[in-house]
Amino acid sequence: MARPPLRPALTLRARTAVLVAAAVLVTVAAAAVLEASHWRLYADRHRIELKPRPRRSCPDCRGAGGWWAGGPFPEMEACGCWTHRRDLRIRLLPIPAWPDEPPF
């Protein structure tokens, strides 16, 4: 006996659900790979960013990302193991403009 054909809306929803699940799995896998590497992944609906992280094997900072410079006003000096690498950024949706007038 032949099954009745599915409605087109139902197949579209099922296809969309499968694509969303695949995208989530790929994102989780990419985040796990990036967690083990020297990059940090940040994603929201406006952008996807890959930012460098300090290397744990760096002989200068030992993974701390920098060191404190002495003096009367100590400041953190960033290590070159991560500061001289570029950020990678992909814009997805424009960020909405902030309203000029107060809400009330």
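In this predicted model, the charged end of Arg 85 is placed over the ring of Trp 39, at 5.2 Å from the ring centre. Pairing between aromatic rings, by contrast, is absent, since the count of aromatic pairs in the structure is zero. The charged side chains form five salt bridges, and several of these share partners, so that Asp 44, Arg 47, Glu 49, Lys 51, Asp 87 and Arg 89 belong to one network.

**Salt bridges around Glu 49 and Arg 89**

- Side chains of opposite charge can pair when their charged atoms come close.
- Glu 49 takes part in a salt bridge with Lys 51, for which the N to O distance is 3.6 Å.
- The two partners differ in their burial class, because Glu 49, with a relative accessible area of 9%, falls under the 20% limit and is buried, whereas Lys 51, at 29% relative accessibility, counts as partly exposed.
- Glu 49 also forms a salt bridge with Arg 89, and here the closest N and O atoms are 3.0 Å apart.
- This second pair links distant parts of the chain, with Glu 49 in strand 2 (residues 47–52) and Arg 89 in strand 5, 40 residues apart.
- Arg 89 has a further salt-bridge partner in Asp 87, the closest N and O atoms of that pair being 4.0 Å apart, which is the distance given as the cut-off for a salt bridge.
- Asp 87 is itself partly exposed, with a relative accessible area of 36%.
- Through shared partners, the salt bridges join these residues with Asp 44 and Arg 47 into one network.

**Nonpolar surface patch**

- On the surface, a nonpolar patch is made up of Leu 41, Ile 48, Ile 90, Leu 92 and Leu 93, which together have about 400 Å² of accessible area.
- One of these patch residues, Ile 90, lies in strand 5, which covers residues 88–91.

**Surroundings of His 46**

- His 46 is located in the loop between strand 1 (39–43) and strand 2.
- Although its place is in a loop, His 46 is buried, with a relative accessible area of 15%.
- Leaving aside residues up to four places away in sequence, His 46 touches Ile 90, Arg 91, Leu 92, Leu 93, Pro 94, Ile 95 and Pro 96.
- Among these contacts of His 46 are Ile 90, Leu 92 and Leu 93, and Ile 90, Leu 92 and Leu 93 are also members of the nonpolar surface patch.

Methods. Residues are numbered from 1 along each chain as its sequence is written. This is a predicted model: local features need pLDDT of at least 70, side-chain atom pairs count only at pLDDT 80 or more; totals for chains, interfaces and linings use all residues. Side-chain values use heavy atoms; hydrogens and water are left out. Rings of Phe, Tyr and Trp (its six-membered ring) pair if their centres lie within 6.5 Å; planes under 30 degrees apart count as stacked, over 60 as edge-to-face and the rest as tilted. A charge sits over a ring if NZ of Lys or CZ of Arg is within 6 Å of the ring centre and within 35 degrees of the ring normal. Patches are made of residues with over 30% relative accessible area and no salt bridge: like charges are joined within 9 Å, nonpolar side chains (Val, Leu, Ile, Met, Phe, Trp, Tyr) within 5 Å. Accessible areas come from the Shrake-Rupley method with a 1.4 Å probe; for residues, only the protein chains shown count as cover. Helices (H or I, at least four residues) and strands (E, at least two) are DSSP runs, numbered from the N terminus. Buried means under 20% relative accessible area, exposed over 50%, partly exposed in between (1.4 Å probe, protein chains only). Contact means heavy atoms within 4.5 Å.
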